[in-house]
Number of protein chains: 2
Amino acid sequence: MPKALTQGSRILDARDLYHALSDETRLRILCLLRQGERCVCELTDDLCCAQSRLSFHLRTLKNCGLVTDRSEGRWIYYKLNHDALRKALMFLREDLGADAESHAATERARRADNGNCR
Amino acid sequence: MPKALTQGSRILDARDLYHALSDETRLRILCLLRQGERCVCELTDDLCCAQSRLSFHLRTLKNCGLVTDRSEGRWIYYKLNHDALRKALMFLREDLGADAESHAATERARRADNGNCR
DNA sequence: AGGAAACATCAAGGAATCTTGATGCGTCAA
DNA sequence: TTGACGCATCAAGATTCCTTGATGTTTCCT
C-alpha cells in the first residue's frame, strides 16, 4: 500500500496517543505504572486524586491503548502497554525524524535523498 | 539535585510537548517541515488551511520549542527544532520505559532493581 | 441478607482549545 | 507612494476537555 494512504491514520493514531500524554495527571499515572501493575485505589492514594477523576483519566489512557486492565476480585489492576508506547516513540522517530543522538549525523545521511515537498 | 525535584518540571515540559503533538494539523505541519524549511504561504497551500488558523498552530509549535522561525523579507520560514523532538522522544524512553525493540529484553533487565511504589 | 469497599459512569459546570473572519503591520514592486 | 502580499493578532463563537459530586454495580466480608 502506498505510504500516502497509510499516512492519514498513522497521524490520527499518533494524535490520539499524544493527546493521552498531554495531561499531567495521566503522565503521573504512567510514571507510576512503569513500576508495575497498580490497582485504582493505590493510584488514588499516590496521586491524591478523586476517584472519579482518576477513573476518567484511566479510561482515556485505556481508550488509546496506553494501558490495559485486568480485574481480580474487587480490584482492577492497570498496567502499561508497551506496544502503544512504542508506537508513540516510533512516530517521533520515523515520521518526524526525531533521534536520540545528536542530530547532525542522521541529517547528513537523510540529505542524500533530499525530498522536496511537492 | 535529587531526581524527585526535577521530575515535576520534566513532566510539565513533556506535557507541553505532547500537547503540541496532539493535533492533526500540527502533526501535518511537522511532517511537512521534516522535508525542510517552509514559509507560511507554502504550508497554507499544502494544508488547505486558513492562514490565521495555520498561524495559530505555528505559534503553538513555536511556544513549546518544536519549531523555530526566521524571517527573510516578507516571508517567515519555519523549521523543525530537533532538540525538542529529542526531548519528547527521551521522555518516552527514559521516563516511561518505551523502547524501539521488543519489550521483553529491557524489562528483564529492569526487573533486577525492582522498585516498589511506596 | 446487609453493609462496605472498589470502581465505573453520568450530568453539570468550568476551563482550555480551536476555528473563523476582521484588522493591522511590515515589506516589496510598480 | 500606493497597492498587494505575507504574516501576526484579536475577538467571538464553537467545540473539546477536565473536574466534581452523585449514583450505580459488583464483590467481598460478617
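## Two protein chains on two DNA strands

Of the 20 residues around DNA strand D, those that come nearest are His57(A), Cys41(B), Gln51(B), Ser55(B) and Tyr78(B). Sugar and phosphate make up 69% of the strand D atoms that come within 4 Å of the protein. Keep in mind that this is a predicted model. Here's a quick tour of the DNA contacts, the interface between the chains and the strand pairing in chain A.

**DNA strand D**

- Ser55(B), one of the nearest residues, puts a polar side-chain atom 2.7 Å from a phosphate oxygen of DNA strand D.
- Val40(B) uses its backbone instead: an N or O atom there lies 3.1 Å from a phosphate oxygen of the strand.
- Chain A joins in through Arg53(A), with a polar side-chain atom 3.3 Å from a phosphate oxygen of DNA strand D.
- If you're looking for the elements that give two or more residues to this surface, they are H4 of chain A plus H3, H4 and strand S3 (75-80) of chain B.
- Sorted by class, the surface near DNA strand D has 7 nonpolar, 7 polar and 6 charged residues.

**DNA strand C**

- Here 19 residues surround the strand, and the closest are Cys41(A), Gln51(A), Ser55(A), Tyr78(A) and His57(B).
- Of the strand C atoms that come within 4 Å of the protein, sugar and phosphate account for 67%.
- Ser55(A) has a polar side-chain atom 2.7 Å from a phosphate oxygen of DNA strand C.
- From chain B, Arg26(B) places a polar side-chain atom 2.8 Å from a phosphate oxygen of the strand.
- For a base contact, look at Ser52(B): one of its polar side-chain atoms lies 3.2 Å from a base oxygen of DNA strand C.
- Helix H3 (40-47), helix H4 (51-63) and S3 of chain A, together with helix H4 (51-63) of chain B, are the elements that give two or more residues to this surface.
- The residues near DNA strand C split into 7 nonpolar, 7 polar and 5 charged.

**Where the chains meet**

- On the protein side, 48 residues of chain B are in contact with 48 residues of chain A.
- About 4,300 Å² is buried between the two chains, and carbon and sulfur atoms give 62% of that area.
- The interface has 2 salt bridges.
- Arg86(A) forms a salt bridge with Asp99(B), and their closest N and O atoms are 3.5 Å apart.
- There are also 3 residue pairs in polar contact across the interface, both residues being at pLDDT 80 or more.
- On chain B, helix H1 (3-20), helix H2 (24-34), helix H3 (40-47), helix H5 (82-95) and helix H6 (103-110) each supply at least two residues of the side touching chain A.
- H5(B) provides the largest share of that side, with 11 residues.
- By class, the chain B side comes out at 20 nonpolar, 11 polar and 17 charged residues.

**Strand pairing in chain A**

- Strand S2 (residues 67-72) of chain A pairs with S3(A) in the antiparallel sense, over 6 bridges.
- The hairpin of S2(A) and S3(A) has 2 residues between the strands, and Gly73(A) takes a positive phi near 60° in it.
- Strand S1 (residues 38-39) of chain A also runs antiparallel to strand S3 (residues 75-80) of chain A, joined by 2 bridges.
- Tyr77(A) is worth finding in S3(A): it is the bridge partner of Cys39(A), and Arg70(A) stands opposite Tyr77(A) too.

Key:
Residues are numbered from 1 along each chain as its sequence is written. Chains are lettered from A and ligands numbered from 1 in the order in which they are written. This is a predicted model: local features need pLDDT of at least 70, side-chain atom pairs count only at pLDDT 80 or more; totals for chains, interfaces and linings use all residues. Side-chain values use heavy atoms; hydrogens and water are left out. Two strands pair if DSSP finds at least two bridges between them. Helices (H or I, at least four residues) and strands (E, at least two) are DSSP runs, numbered from the N terminus. A residue is near a molecule or strand if one of its heavy atoms lies within 4 Å of it. A polar contact is a pair of N or O atoms within 3.5 Å; within protein, one must be able to donate a hydrogen and the other to accept it, and residues adjacent in sequence count only if both atoms are side-chain atoms. Ala, Val, Leu, Ile, Met, Phe, Trp, Tyr, Cys and Pro count as nonpolar, Asp, Glu, Lys and Arg as charged, and the others, Gly among them, as polar. Contact means heavy atoms within 4.5 Å. Buried area is the accessible area (1.4 Å probe) that two parts lose on being put together, summed over both. A salt bridge is a side-chain nitrogen of Lys or Arg within 4 Å of a carboxyl oxygen of Asp or Glu.
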